[in-house]
Amino acid sequence: MAASFQPVRRRRRPRRGSLERPVSSQLYRSAFLVCSLPLLLAAFTVTRPAALQKPLLPPAFDAAATLQLTRELANDYPDRRPGTPGAAAAAQWFSRQIEPYGLPTVTDSWSQELPGGRRATLENVVAIARATNSSPDAIVVMAHRDDTGAGPGANDDASGTAALIELARAYARPKTQAQASVQSAHTIIFLSTDGGADGGLGALRFVTHSPYRNGIVAVINLDALAGPGPPRLELAGDLPRSPAPLLVATASARILEQTGHEPQHAGFFGQLVDLAFPYTLYEQGPFIARGIPAVTLTTGGNRPPPSFGDAAARLGAGKLAQLGRAAQELLGSLNQGLEAPQGTNALVWAGQRVIRGWALELVLVSLLVPFVVAAVDLFALGRRQRLRLAPALRSLRSRLAFWAYAGIVFTCFRLLGAYAAGPARPPNPDLPATGNWPVLALIGTGVFVAIGWFVARDRLVPRRQISAEERLAGQIVALLALAVVALLVVGTNPFALVFVLPALHIWLWLPQIQQRARLPLRIGLFALGLLGPAILVLSFAWRYGLGFDAPWYLLELAAVGYVKTVPIVIVLAGAAAASQLASIATGRYAPYPDARERSPRGPLREAVRIVVLGVRERRRAAETPPPLRATGS
């Protein structure tokens, strides 16, 4: 007799459009078709820029004299911090070295607040070799003269200053009939800045106050030319812009000819992050932000080399000679070139080719479309199912109020001087003022924020069993709020979508697994969505060597005002929406309660109520006229 088998009962999959399966995966996948056209456009924008020709004259860079100048500046003036006697003596030393060449020099002095709140007098020294044809265009060659005081600053940046002096020698005025200077088609400005190690203060001063700022066609910044690292180009600016491809291609070609190796620079993803969060510790940043093509030649990394132990004995003479000749050849190519580098635009280098920034912005915006379509469809589902969205919206409003309160608390402590003071420039991580975190200010901020949370949580904690419909309503409202946040990001800096898109596309599926997945899976999916914001923190931790100090350094960028108010407000709004999704994923969500569900007033609210009622009672008593008294005849 044949054995009979019981039929296997398969688990029925939830129906599409139900509360257990609310996200339309088919609509979500179909929306990705929108990305095809931007990707095709981005592919057609890929070009390989050509470099300018080599100068006619061979380089006459005196490496031995440059090395001697580097050692002299580092050994005679080891402490060149802005505002110190060593800084003033170093400025005079630079003027003395330029004087024999017959180039007119101008000193620009100004009072400047430094990181840590100290004020000092800074000095930029400018030597000018005027064009022989009265051209209004100018090329700037620059190097910062100061250091942090932690070491003699031989590599960073006595080497760049010495190379600047040697480059100026080639454009010296002739003293006799037998001498001849290089015929210059452009005005060449040799700029020795102060405050370069304090966030590029000298470069910012020059680009905002110099009478030559409107005629600059290119900037070559020399920084740490004699280090052990490979030749490198720094391309990031203070705004989401990049130097002209012609300048970068020419600089790469001249370095390749002198060193035999292509110079390094940030990779494709690193450049994308630099456009999403504009930041640099080198002095090309202020020029790029104002539309002036600028590039830094260095042997340092994303972060300038540390000043501790930066002695003259450790200088790489061969590297200094190679990069010095490359800088001279680059200057010659720019000076004789009929085609000047044109402005700054957002772009990303992929090998020796560039992709236009506007095409990448279109790709990023198109990647936002599937999320927005799915979120709107989810909202339509909630309307069809007659979900109560108003309590969820009021719950989100309370969270927005809390995060706004946290931002106000931070701003109050900042205005009171509790956090690091200084100019709105990227603080040097090597400076003592940057590494000393204000522990008391952080504790005080945490205490006040905690008080605000205890007040706000009274309306946010669950008091009863929350239904699946209420949880879905809370997720719909939070996802729509994230869509609004993403659109605000597009309106400010579309490249910043690289920090937002991972969270949007991952958190979109939280409603899909809410009813069926266990708590660890829900928490894991939410944590995975934090990968987008973590990209920024990990970039500072790894690329700039900040490690676990990266979150606090980002907080300091906000404290000094380098990160503006609008991005901070957008981040706080996104945090409010994310906190609502987190509460639902962990099972701690509750819609805003109605009048019957609200708990009795807490001590803080009761105290406020008593004070308000007392003020109203005294006001009424003061406005009520006294009763008239009867008098006898």
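In this predicted model, the largest nonpolar core has 84 residues. F277, Y279, F371, F499, W507, F540 and L557 have the most contacts inside that core. Helix α15, residues 468-492, supplies the largest share, with 12 residues. Another core, of 60 residues, lies apart from the largest one. Among its members is L297, a residue of strand β7.

**The largest core**
- F277 reaches well beyond its sequence neighbours: leaving aside those within four places, F277 is in contact with F499, L536, F540, L554, L557 and V563.
- Of these partners, F499, F540 and L557 are also listed with F277 among the residues with the most contacts inside the core.
- In soluble globular proteins, nonpolar side chains tend to be buried together.

**The other core**
- The core of 60 residues includes L52, A218, L297 and L323.
- A218 falls in strand β5, which spans residues 216-222.

**Strand β7: burial**
- Strand β7 covers residues 294-298, and 5 of its 5 residues are buried.
- In a regular strand the side chains alternate between the two faces of the sheet.
- On one side of β7 sit A294, T296 and T298; on the other sit V295 and L297.
- Both faces are covered.

**Strand β7: pairing**
- Strand β5 runs parallel to β7, and 4 bridges join them.
- L222 has L297 as its bridge partner in β7.
- Strand β6, residues 232-234, runs antiparallel to β7, with 3 bridges between them.
- E234 has T296 as its bridge partner in β7.
- L297 thus links two topics: L297 is a bridge partner of L222 and a member of the core of 60 residues.

Notes. Residues are numbered from 1 along each chain as its sequence is written. This is a predicted model: local features need pLDDT of at least 70, side-chain atom pairs count only at pLDDT 80 or more; totals for chains, interfaces and linings use all residues. Side-chain values use heavy atoms; hydrogens and water are left out. Buried means under 20% relative accessible area, exposed over 50%, partly exposed in between (1.4 Å probe, protein chains only). Two strands pair if DSSP finds at least two bridges between them. A nonpolar core is a set of buried Ala, Val, Leu, Ile, Met, Phe, Trp, Tyr and Cys residues joined through side-chain atoms within 4.5 Å. Contact means heavy atoms within 4.5 Å.
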